[in-house]
Amino acid sequence: MKTKNHQNAVGRREFLKTSAKIATSAVFLSFGGFSLMGAVFPSQNENAIPTILLNNGIKMPMLGFGTNTLNGATCKRCVAEAISVGYRLIDTANIYGNEEFVGAGIKQSGINRDELFITSKLWVDDYGYENAKKGFETSLNKLGVEYLDLYLLHRPRGDVKGAWKALEELHLEGKIRAIGVSNFEPNQFDELMTYAKIKPVINQIETHVFCQQDNSYGFLKKSEVQMEAWSPFAAGRNNIFTNQTLADIGKKYSKSVAQVCLRWHFQRGVIAIPRSSQKIHMIENLNIFDFELDETDMKTIRQLDLNTTQFPEWG
Ligand SMILES: NC(=O)c1ccc[n+]([C@@H]2O[C@H](COP(=O)([O-])OP(=O)(O)OC[C@H]3O[C@@H](n4cnc5c(N)ncnc54)[C@H](OP(=O)(O)O)[C@@H]3O)[C@@H](O)[C@H]2O)c1
């Protein structure tokens with residue numbers, strides 16, 4: 001006799017397969033030539049995070065929790081705390097070496113799996129068709145989940161073509177709800193599109209006030225691919241948290257520099273995944289949906305762009 005859990009698991013797999021098929025055949029949602037991709041859905045609950053529609057028809061939170069450099073018990077605590085204060089999007093990667101602790105934090109939180117939006121990334125050592133499939137299974141097992149919401153190629157290196165084919169198949173099998181890339185320049189994205197059967201939903205790239213990525217921003221908008229900002233605070237570099245311009249803007253609204261930064265990402269329509277090891281910062285970073293930067297603020301922040309990476313060592 002089949003158990004209830006087994007029946008639930010089968011039901012979920014069928015649901016995921018069906019939604020993957022619908023999403024893939026849609027490529028992007030379009031009604032009478034008008035695409036809804038990028039539409040932002042405010043949350044009913046004022047403390048919850050708005051979602052945005054991706055080009056395959058699924059919704060993703062506009063603000064999430066980053067986990068790079070968090071490890072061991074600290075990682076587990078931070079992920080559980082982040083979920084407890086309201087984060088639903090959790091970003092990890094195989095190369096962070098923390099997927100099992102992220103998984104442990106999720107388990108500790110006690111939240112239902114389907115309320116979360118979990119992202120992981122395939123590292124370049126696992127590229128190529130066969131290795132990518134194995135790499136994905138490893139991540140899934142470490143996280144202790146049955147499927148991922150989003151899986152990204154971490155960097156454009158090596159056998160990207162084979163790796164992308166593997167991701168496309170995993171998506172169609174219902175094991176990943178959406179697939180995308182990270183750190184792809186427009187020309188690298190265009191190259192992938194010469195053989196891709198499924199368009200990436202996301203490009204996750206370094207983006208913060210000192211590196212505003214105007215070129216990719218315009219390219220991704222035109223391509224109907226959602227931009228996601230990694231290191232939305234430049235990981236604290238260039239003294240971002242004591243920047244006088246950002247502090248002055250924040251003063252007008254009784255908001256901190258961190259909140260001004262995250263609100264700027266949100267108003268540009270860019271998903272941000274700030275990391276914090278402190279609950280008080282996690283809460284502060286969520287508290288950005290009750291004010292609006294005006295046009296002058298947005299113009300002033302534009303002037304902070306140095307148009308260059310703050311992480312030259314990762315080049
Ligand atoms: N795809 C890629 O190649 C890639 C590369 C890098 C990062 N990422 C992703 O992006 C996520 C975010 O980037 P990141 O981790 O590099 O750095 P980040 O989010 O830009 O900055 C994190 C730093 O900001 C501090 N902070 C957070 N909230 C604060 C607040 N309200 N006030 C003052 N300080 C605050 C944190 O310190 P406290 O802990 O003290 O709060 C931490 O030192 C990563 O965790 C990872 O998931 C992806």
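Student: Which residues are closest to the ligand, out of how many that surround it?

Tutor: Keep in mind that this is a predicted model. In it, 26 residues surround the ligand. The closest of these are Gly66, Asn68, Trp230, Ala258 and Ser276.

Student: How does that shell divide into nonpolar, polar and charged residues, and which helix gives the largest share?

Tutor: By residue type, the shell around the ligand has nine nonpolar, 14 polar and three charged members. As for where they come from, three residues belong to one helix, and that's the largest share. The helix is helix 10, residues 279-286.

Student: Now for Gly97: is it buried, exposed or partly exposed, and why?

Tutor: Gly97 sits in the loop between strand 7 (89-91) and helix 3 (99-109). Count the other C-beta atoms within 10 Å and you get 14. Buried needs 20 or more and exposed needs 12 or fewer, so with 14, Gly97 comes out as partly exposed.

Student: How far apart in space are Gly97 and Leu70?

Tutor: Along the sequence, 27 residues separate Gly97 and Leu70. Going C-alpha to C-alpha, the distance in space is 9.1 Å.

Student: What about the open sheet of three strands: which strands stand at its edges?

Tutor: The strand order is 3-4-5, with antiparallel pairing. Two strands each have a single partner, so one side of each is left without a neighbour in the sheet. Those edge strands are strand 3 (40-41) and strand 5 (59-61).

Student: And which residue in strand 4 stands opposite Phe41?

Tutor: Strand 3 and strand 4 (residues 51-53) run antiparallel and are joined by two bridges. Opposite Phe41 in strand 4 you'll find Thr51.

Note on methods
Residues numbered from 1 in each chain as written. Predicted model: local features only at pLDDT ≥ 70, side-chain atom pairs only at ≥ 80, totals over all residues. Near = placed C-beta within 6 Å. Helix = DSSP H or I, 4+ residues; strand = E, 2+ residues; numbered from the N terminus. Nonpolar A, V, L, I, M, F, W, Y, C, P; charged D, E, K, R; others polar. Pairing = 2+ DSSP bridges.
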